[in-house]
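Okay, thanks everyone for coming. Let me put the structure up, and then I'll walk you through a few parts of it.

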Amino acid sequence: ETPAGREAIRIIDRLRHAGFIAVLAGGCVRDALLGRTPKDFDVATDATPDSVQQVFGRRQTVAFGASFGVIGVLPPKRDTRSGDNHDTGGAPTEVATFRADGNYSDGRRPDHVTYGTAEADAARRDFTINGLFYDPAAKEILDYVDGITDLKSMHLRTIGNAHRRFDEDKLRMLRAVRFVTTLGLSVEASTMSAIVAHADSISLVSGERIGAEMRRVITHPNAVRGLRLLVETGLHSHVWPQLEKIAWPELRTRFKRLTNPSFETGMATTLLTLHRCSKDALQNLKGLTKRWKLSTAEQRAITAAIRLTPQIIDCRDAAWSSLQPILIDRDIDVVLPVAGALAEDDSGVRRAIMERQRDPSSLDPHPLLTGDDLIAEGMTPGPHFRDWLTQIRRMQLDDELHTQDEAMSWVRRQT
Ligand code: ATP
Ligand code: MG
């Protein structure tokens, strides 16, 4: 009963009134049956993409993968009488024509698609739990693939022969790891052995696609289950080979402390568990950054967490001047949870969290002196300026110097 759900029902009603079959399909039916809030609601219909565009009008639709028969239907515009003629800002709902896929020759995408029946459309989907339809008019689930049985027993099983299905599309193997992680399923035996048999061919999937699935695994509270499955299936050899030798109990404890991992905190925690020295962790990160195409911001935050975590953990008795630069790091909100996850003795982390709450003028006070101040006093700039200013900053933070005058007289004593 979310806005997106209501919008999908509205679209289905319109298609039905135009004489077509239209149902909710795939992930949203699965999630609703599991009592979860669906991420998005996809509609499947026997109307061709052209008919869908006719029913809703060209201006209310966008042709997504037109060749795959998917049309995006935009939400209706808001009341224009209120003077507000923007639309709801909602994302378009995907309306896909029932299809029966042709051959797969590249290991990722079907060579051509043909439109087909609801039953054929269910059969071309990846896992039984993803092959369900819901007909909101009849209030009835259409289950052509025995998906309800697997949903009840929480099993992940391919639709049809597992070997053939992973042969067609290698990405499905990683989707399996993702669904197991996020839905807490177990992998049915023949599906599992087919993944093991085909694991090497995951290398045919682009690094970005792998990265996208791995993001969803890492950011889930159950991430360790997924990482473990990655190794059990052999998928890790291409995806993340170093994972093989990770200390699982330690990783589990640490993820438990993270509770809700972000991609950055999850990655940093895993890398710091994997490698004893941060040099190796950073090296590993570099490889993954390139292959999974991490953003600059992600890479920067994970790097900060790898570098600064040991310092936070050991900061209990540190001088404020050595802790302060860490606490004003732009990625400190990533660093602190990672330090919390890794710390056996959390007194350093507790201090860091406490000090971080200082008000801005005490957390990052205005410098007592700048280079310009020194020049104004008639001093000649040079490398010693930087030296002095660093020392003055340290003494300011550690409460040894309090005013500009004190700082200036300290400088004079140096000359
Ligand atoms: P979520 O949206 O929560 O990530 P989802 O199951 O909706 O999960 P999508 O990637 O949005 O996943 O795909 C929608 C549906 O399309 C799936 O439920 C499945 O039926 C089908 N599907 C997606 N990817 C594949 C694939 N690689 N092979 C076969 N069917 C697929
Ligand atoms: Mg989806």
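One definition before I start: the expected span of a helix is 1.5 Å times one less than its number of residues. And keep in mind that this is a predicted model.

So, take helix H7, residues 171–183. With 13 residues at 1.5 Å each, H7 should span 18 Å, and its end C-alpha atoms are indeed 18 Å apart, so the two agree. Right after H7 comes Gly 184, with a positive phi near 65°.

What's buried in H7? Quite a list: Leu 171, Arg 172, Met 173, Leu 174, Ala 176, Val 177, Phe 179, Val 180 and Thr 181. Those buried residues pack against several elements, including strand S10 (155–156), helix H6 (162–168) and helix H8 (189–198).

Two of those H7 residues, Leu 171 and Arg 172, also turn up around ligand 1. Others in that shell include Lys 39, Asp 40, Asp 42, Arg 125 and Asp 126. By class, the shell has 7 charged residues, 4 polar and 1 nonpolar.

Now the inside. The largest nonpolar core has 95 residues, and Leu 24, Phe 133, Ala 305 and Ile 312 touch the most other members. Helix H15, residues 296–313, gives the most to this core, with 8 residues. Further along the sequence, Ile 312 contacts Ile 326, Val 335 and Leu 336, among others. There's also a second, separate core of 6 residues, with Leu 368 and Ile 392 among them.

Last bit: UniProt, in an unreviewed entry, lists residues 282–408 as "domain: CCA-adding enzyme C-terminal". In the model, that span is 69% helix and 0% strand.

Key
Residues are numbered from 1 along each chain as its sequence is written. Chains are lettered from A and ligands numbered from 1 in the order in which they are written. This is a predicted model: local features need pLDDT of at least 70, side-chain atom pairs count only at pLDDT 80 or more; totals for chains, interfaces and linings use all residues. A residue is near a molecule or strand if its C-beta atom, placed from the backbone, lies within 6 Å of it. Ala, Val, Leu, Ile, Met, Phe, Trp, Tyr, Cys and Pro count as nonpolar, Asp, Glu, Lys and Arg as charged, and the others, Gly among them, as polar. Helices (H or I, at least four residues) and strands (E, at least two) are DSSP runs, numbered from the N terminus. A residue is buried if 20 or more other C-beta atoms lie within 10 Å of its own, exposed if 12 or fewer, and partly exposed in between; C-beta atoms are placed from the backbone. Two residues are in contact if their C-beta atoms, placed from the backbone, lie within 7 Å. UniProt positions are given in the numbering used here, feature names are shortened, and annotations may be inferred rather than shown by experiment. A nonpolar core is a set of buried Ala, Val, Leu, Ile, Met, Phe, Trp, Tyr and Cys residues joined through C-beta atoms within 7 Å. Lists of a residue's contacts leave out its neighbours within four places in sequence.
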